[in-house]
Structures are given as structure tokens and as C-alpha cells.
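Q: Please take a close look at one part of this model, the second largest pocket. What lines the second largest pocket, and which residues lie nearest its centre?

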Amino acid sequence: MTQPTGLDDLQERFITGGRVTVTGRATYRGVRVGIKGVSPRNPSVEIYGPITLPDLLWRQDDVQSGFTSGDVAFSSLQRFWLTRTSTYDAVDEYTPRPGVLAVVDGDEYGVTDTCGTVSAAGIPELQVISLAEGAPEGADWVRDGYGQWTRFVARDRVTSVRQVEWTAVWRDLTVLVADISGEQALVFAERGGVPDYIPEITHGSNVHGGWSAVVPVEQLSLRSWTSTERPLGAGCVGGNVGLVRGRTVLVARADTAKAGETGVVAQKRRGETVTGEFSVDLWTGRADSGWEWRVDVDVADLADIRHIETTTEWKGETRTVAAIQESEDLIYLERETVDLREVSPLVHAATAVEPGELPTVDILW
């Protein structure tokens, strides 16, 4: 989804039981713009961006917001970063289970967390889950605390990931299904407030935000599902990473723990593979706040905590990387935002960390 060959790759189309759309970002005359897809007006691409964009066909300016939209030739766009979303009208026996999937050497696996980790040798890695029946071949597979076979692969062996999510109705509420385990489902609502009459629901401190619940699958009326394929990129592993029950997660000290105490919270961002013990928690007290998955962790279930630091060279100096936004072609250094093309390849280092040395959970990566 970074090298489309032409308009056909961007075309919205109907498929059996659903439809496929492609959206994302690209560079137009040196400016990062949004891609809406193939224009319905003629054989060109519909884009949007700052009102200063030149030479747009069917231009529509919004002076108040400072943005415009219009059509351009496919050949005028570069450095694509696209997401392909396939929406299906029904969930059936052929529908993949919810979670994140990736293809490695021609075989499809589950992915525990696209943030990933960094090996002791400084190699960015992803932990994958075997989807096959029985023990997979190879000596590097181990069972995690959920009874599934996992192993680590170099991040550069994965070019894209696919997130599968179901939609269902539960107790007259439309919910998304994040995980299916046996006869139980982890469902959630992103926003809209917390119903006060359903005891299964868990939520953060703000009752006006999202919530989650573990419910019997038989209580769900399954309606549809989506498959969202996006580039993975080189990425920048953030902060502190550990294994909880053998699976990779971001970890932090619980905000109720004092210095030296070992209360730990595992964190996953929206769209990651989660299990039933995770629940929705807002980053802030605002109803429109972003959110993540969190779970309190027993230290006995926590292992191999690593602090990941990423550096790069810019203008002859080695700089610490705070984050990367590859869809925008940007890298965030200390007090600097730089075009990704201006820096050297990333260098990663991992050092061991004790639970009591972690920062508190309210620190965002």
C-alpha cells in the first residue's frame, strides 16, 4: 500500500458480500495531502489539503478551515501511504477471528502488538502467533500463557498488517468485537457514554467515554466485519516493552504506585490484538479523549522488561527519536520535527528495566 501502480489500485469496488475502499496520504508537489480515492468525475485522484494547493481540477475551497479538495493526475502523486478497508455484510464460518494479522514468508500469522520490541542485538522485532492446528515446525516457537505458539521475527520481514474487527448488536447496543476466545467475546464501544444498567461493563474514570465487556458469544447478533490493511513501516518502538503472560505489550507503573512499588499496567493502542482481561481506558478525563486498552498486571506474569531507545543522525548530530508518523513522512526528535528523508537509518538499543523503574501510566508515548 505504498507503491500503487495506477488508478485501478485506488478504485472503490464492490465484491461478493461487501465493498473495498482505499484512502490515505501522498505527496503532491512537495505537500502532504489526503487521498479520498479515485474521483467520480473523471479518471483522476481526489485529494484534500491546505488551501494553497495549486492546479486542482473541480476545486472546492473552504476559506474558514483553510483546506481545499479537488482532482489531480495519478502521476503527480508520490510517496503513498494507503489503507485498504474491506467491509463485509455478514459474519460467517469463513470470517477470520478479530485481531491483527500479517504474512511472513507466504504464511499468515497473528501479531501480538505492532509496536513490537527490540532484541538484545538492537533488531526491531514483531511477535507472531501461529494460526495452524498443533505445534508449528521450528525450534524457536514457544507456548505463551494463553496456550498458543508464538515466536519473534524481524520487523522488516513484514510489509503490511491486516486488522480484523467484527460489528454486532448486544443488548440493543451496537458494539465492536475485539477478541473471541472459546465461547466468550470481548466487545467495546468507542464513545457514547457508559450504560448504567449493565453490570458486565468495565470502563475508565469517565462515564461519558467508551467501555468494554466480556460476554457470551451466543448473546451477540453478528452483523458485519471489516478487514483494514495498512503499511507497517520501520516504526519506532516506544518507551518500555515487556512480556505479559508471554506476549509483547507496552508497560508502565500503575498511577497509584509510589516509587519502588511494583504495580504495573499493560497497555495496547486501538487496533491491536487484545485478550479478555483488557478494558477500555481514556487517556484524559475528556469525553472525546483518545483511548487505549489497559489491564493491571501481576508482576509474576511480567517478564523481560526493556526500555527501548531509538536514535538517528540529522545534520551531523546523533539525535534521540521521540516518535515517527510515517503516513506524514515525519520524524519527531527532541524539540524538532523533521522530514523522514532527511535522517539516517534508525538505530535501536534495548536495556533491561525493573518494574519499579518504570514511568507511571499517565505518561503517553
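**The second largest pocket in its setting**

A: In this predicted model, buried residues account for 48% of the 365 residues in the protein. The secondary structure consists of one helix and 28 strands. The radius of gyration is 22 Å, close to the 21 Å given by the globule rule for 365 residues, so the protein is as compact as a globular protein of that length. Its C-alpha trace spans about 60 × 55 × 45 Å along the principal axes. Of the contacts between residues at least 6 apart in sequence, 61% join residues at least 24 apart. The protein exposes about 18500 Å², and 48% of that area is supplied by carbon and sulfur atoms.

Now to the pocket itself. The second largest pocket has a volume of about 660 Å³, and 28 residues line it. Among these lining residues, Arg97, Ile129, Leu131, Gln148 and Ile180 lie nearest the centre of the pocket. Strands contribute to the wall: strand E8 (99-104), strand E9 (107-111) and strand E15 (173-181) each supply at least two residues of the lining.

Sorted by class, the lining of the second largest pocket holds twelve nonpolar, eleven polar and five charged residues. In short, the request is met by a pocket of about 660 Å³, with Arg97, Ile129, Leu131, Gln148 and Ile180 nearest its centre and with strands E8, E9 and E15 each giving at least two residues to its lining.

Key. Residues are numbered from 1 along each chain as its sequence is written. This is a predicted model: local features need pLDDT of at least 70, side-chain atom pairs count only at pLDDT 80 or more; totals for chains, interfaces and linings use all residues. Side-chain values use heavy atoms; hydrogens and water are left out. On a 1 Å grid over the protein atoms alone, a cavity is a set of points where a 1.4 Å probe fits but cannot get out, and a pocket is an open set with protein on both sides within 12 Å along at least five of seven lines; lining residues have an atom within 4 Å of a point. Grid points are joined across faces, edges and corners, and a volume is the space filled by probe spheres set on the points. Helices (H or I, at least four residues) and strands (E, at least two) are DSSP runs, numbered from the N terminus. Ala, Val, Leu, Ile, Met, Phe, Trp, Tyr, Cys and Pro count as nonpolar, Asp, Glu, Lys and Arg as charged, and the others, Gly among them, as polar. The radius of gyration is taken over C-alpha atoms; the globule rule is 2.2 Å times the number of residues to the power 0.38. Buried means under 20% relative accessible area, exposed over 50%, partly exposed in between (1.4 Å probe, protein chains only). Contact means heavy atoms within 4.5 Å. Accessible areas come from the Shrake-Rupley method with a 1.4 Å probe; for residues, only the protein chains shown count as cover.
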